[in-house]
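Please open the structure in your viewer and keep the sequence panel beside it. The tour below proceeds by selection, beginning with an empty space and ending with the chain as a whole.

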Amino acid sequence: MVFNGSEAFKGASAPSLEREVSVTSNNNRVLLDSQELNATSGAFNLCCGEAYARFSELKRLKVHPGNMTKERDAVESCSANVYNGIKASCVEQFDAVKSCLSDNPDVWAKCASMRRELEVCSVKNNLGELKKLSS
């Protein structure tokens, strides 16, 4: 058997990369550390549910990642919008969640009420996809 490189993109049942795939650059990205990601994860799920569901469904169907550029960009863009909205409108709640998670690394359940306050603030401010619904 000759290895020509294309096998690297295929698992036993993984679909192949489509020829017309485009690799785009999404300029609306943020880099989060683990503490920020943990603090905002609930708000991301609430405010970017449609984008996350579409991306997850394509992963479940084992679509090649190169064929999911549009969906990946939608997840990244929505997440960035939510994060920036939290930093602008919900910074007190965000800082409280981060502090609680840092103070209780093994018992995150203690932070549930603060996390809930951040989620409520995110929804009240129509962050992410919720902005479309309020228009």
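Begin with the largest pocket of this predicted model, which has a volume of about 180 Å³. To display its walls, select R29, V30, L31, L32, D33, S34, L37, F44, V75, E76, S79 and A80, the residues that line the largest pocket. Next, colour helix 1 (34-47) and helix 3 (69-89), the elements that each give two or more residues to this lining. Which helix supplies the largest share of the lining? Helix 3 does, with 4 residues. If the lining of the largest pocket is then coloured by class, 7 nonpolar, 2 polar and 3 charged residues appear.

Now select the whole chain and display it as a cartoon. The chain contains 6 helices and 0 strands, and following it along the sequence gives the pattern α-α-α-α-α-α. Of its 135 residues, 30% count as buried. A surface representation shows an accessible area of about 8700 Å², of which 53% belongs to carbon and sulfur atoms. Among contacts between residues at least 6 apart in sequence, 73% join residues at least 24 apart.

Finally, colour the chain by pLDDT. The mean pLDDT is 83, and 79% of the residues reach 70 or more. Where should the model be read with attention to its pLDDT? Select residues 1-14, over which pLDDT stays under 50; the model has 7 contacts beyond four places in sequence for this stretch. Then select residues 20-25, where the pLDDT is below 50; this stretch has 7 contacts in the model beyond near neighbours in sequence.

Conventions
Residues are numbered from 1 along each chain as its sequence is written. This is a predicted model: local features need pLDDT of at least 70, side-chain atom pairs count only at pLDDT 80 or more; totals for chains, interfaces and linings use all residues. Side-chain values use heavy atoms; hydrogens and water are left out. On a 1 Å grid over the protein atoms alone, a cavity is a set of points where a 1.4 Å probe fits but cannot get out, and a pocket is an open set with protein on both sides within 12 Å along at least five of seven lines; lining residues have an atom within 4 Å of a point. Grid points are joined across faces, edges and corners, and a volume is the space filled by probe spheres set on the points. Ala, Val, Leu, Ile, Met, Phe, Trp, Tyr, Cys and Pro count as nonpolar, Asp, Glu, Lys and Arg as charged, and the others, Gly among them, as polar. pLDDT is the predictor's confidence in each residue, from 0 to 100. Contact means heavy atoms within 4.5 Å. Buried means under 20% relative accessible area, exposed over 50%, partly exposed in between (1.4 Å probe, protein chains only). Accessible areas come from the Shrake-Rupley method with a 1.4 Å probe; for residues, only the protein chains shown count as cover.
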